[in-house]
Amino acid sequence: MENIIPHPSTIISPGDVLAIRNAAPQAEQMAMLHPDQLEVTYRENWFKLLVPKIYGGRQLTIPELVRLQEAISWTDGSTGWVVTLCSGAGWFGGFLNKDIAFSVFNDPKVCLAGSGAPGGTAEITPAGYRINGIWKYASGAHHATHITANCIIQKNGEPVIDDNGEPLVLPFIFDKKDVTILPAWKYIGMVATGSDAFEINNLEVPLNRQFKIDPSATVIDEPLYRYPFLQLAEATLAVNLSGMAIHFMDLCGGIFDEKIRSPKLTDRQKIFLQEELEDLKVEMDLVRKVFFEAVEDSWAAVQAQSIPDSKLNAVSKTSRRLARQARECVDILYPMCGLVAASTESEINRAWRDMHTASQHSLLTFAF
């Protein structure tokens with residue numbers, strides 16, 4: 001592997017970066033992705049990054065995926081987050097009933113949003129299931145064509161117990177028309193993700209709307225759908241944070257250049273700003289290198305149909321380390337940026353808010 005990790009800007013065209021970033025302020029006002037951001041997303045099939053090729057998806061390898069998702073998040077935090085969560089739901093195409101999958105992914109603007117928390121119930125009926133519940137944080141829900149959700153399976157009003165003695169939880173896929181979006185996302189960052197809640201009331205669905213995420217339950221027999229879901233989630237969320245952090249550091253470069261030209265700073269202070277930023281960039285790239293190597297190794301093992309726990313643990317460990325490094329770099333640099341970084345109208349403030357909101361995801365909270 002290369003000793004130097006390429007900057008995310010090498011992966012996305014300058015024109016697409018400009019279109020996405022120019023629309024970011026309006027996207028925040030809309031509280032959902034802007035049409036210009038969606039135009040790039042649909043053209044590049046970013047919502048289909050993990051959809052099986054048989055359904056018209058891109059079916060990227062995991063190493064390709066994490067590099068691209070880091071670049072999209074570097075371009076814009078909210079766009080990267082929505083693409084990550086919605087393309088991640090597209091990965092469920094490897095487990096869906098084929099008849100359902102063909103109908104779902106036939107739409108060129110298909111987008112699956114949803115929630116992993118078991119916010120509702122699925123009562124077993126003679127024809128399938130009856131769904132009820134409220135689920136939080138469905139990023140991209142406003143332009144989704146379908147919604148996925150985990151449900152606690154019930155029979156005669158009582159939870160069905162799984163082999164481990166716990167209530168059985170299984171995922172379902174629903175048409176957007178059968179779901180009610182509830183305004184609920186009121187946080188300082190990731191504003192344009194539109195990560196609102198959704199509700200379902202007494203919806204009757206057939207059996208084939210339920211699926212199972214497990215290597216033994218794959219419908220599409222490809223390495224991508226044998227890759228463990230936990231490590232897939234950890235790695236993709238981690239590169240969202242690293243992409244946002246690199247964006248923040250790039251913006252610091254321009255701010256610091258302006259400060260260095262100011263007579264208010266001493267020569268020592270000017271040197272400190274330059275060296276601190278460069279040192280943090282080097283540290284970030286070193287952590288990125290180790291992370292990408294761990295992902296490459298795990299992917300090679302999956303392709304060989306044998307993935308030891310040590311390689312999975314390496315992905316988990318380096319994902320958390322990358323997330324922590326991203327947070328620390330931003331926190332060290334923020335106080336040196338001045339009031340421009342605290343202005344809610346500035347690009348660097350949006351990057352700071354997105355970073356500190358996305359980093360609250362529970363999957364990467366702890367370093368172990």
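In this predicted model, the largest nonpolar core takes in 107 residues, and Ile131 and Phe172 are the ones with the most contacts inside it. Helix H6, running over residues 229-260, puts in more than any other element, with 14 residues. As a general point, nonpolar side chains in soluble globular proteins tend to be buried together.

Phe172 is worth a closer look. Setting aside neighbours within four places in sequence, Phe172 is in contact with Ala122, Tyr129, Ile131, Ile147, Thr148, Ala149, Cys151, Ile153, Val205, Arg209, Gln210 and Phe211. Ile131, the other residue picked out for its contacts inside the core, is thus itself one of the partners of Phe172.

Then there are the pockets. The largest has a volume of about 1100 Å³. It is lined by 45 residues, and Leu85, Gly114, Ser115, Gly116 and His361 sit closest to its centre. Strand E1 (112-125) is among the elements that supply at least two lining residues each, along with helices H3 (62-75), H4 (77-90), H6 and H9 (347-358) and strands E2 (128-138) and E3 (146-155). E1 has the largest share, at six residues. Sorted by class, this lining comes out as 28 nonpolar, 15 polar and two charged residues.

The second largest pocket holds about 300 Å³ of space. Around it are Asn150, Asp162, Pro167, Leu168, Val169, Leu170, Pro171, Lys212, Ile213 and Asp214. Here strand E5 (residues 169-175) gives the most, with three residues. Six of the lining residues are nonpolar, one is polar and three are charged.

Methods:
Residues numbered from 1 in each chain as written. Predicted model: local features only at pLDDT ≥ 70, side-chain atom pairs only at ≥ 80, totals over all residues. Heavy atoms only, no water. Core = buried A, V, L, I, M, F, W, Y, C linked by side-chain atoms within 4.5 Å. Buried < 20%, exposed > 50% of the residue type's maximum accessible area, 1.4 Å probe, protein only. Helix = DSSP H or I, 4+ residues; strand = E, 2+ residues; numbered from the N terminus. Contact = heavy atoms within 4.5 Å. 1 Å grid on protein atoms, 1.4 Å probe; cavity = no way out; pocket = protein on both sides within 12 Å on 5 of 7 lines; lining within 4 Å. Points joined across faces, edges and corners; volume = space filled by probe spheres on them. Nonpolar A, V, L, I, M, F, W, Y, C, P; charged D, E, K, R; others polar.
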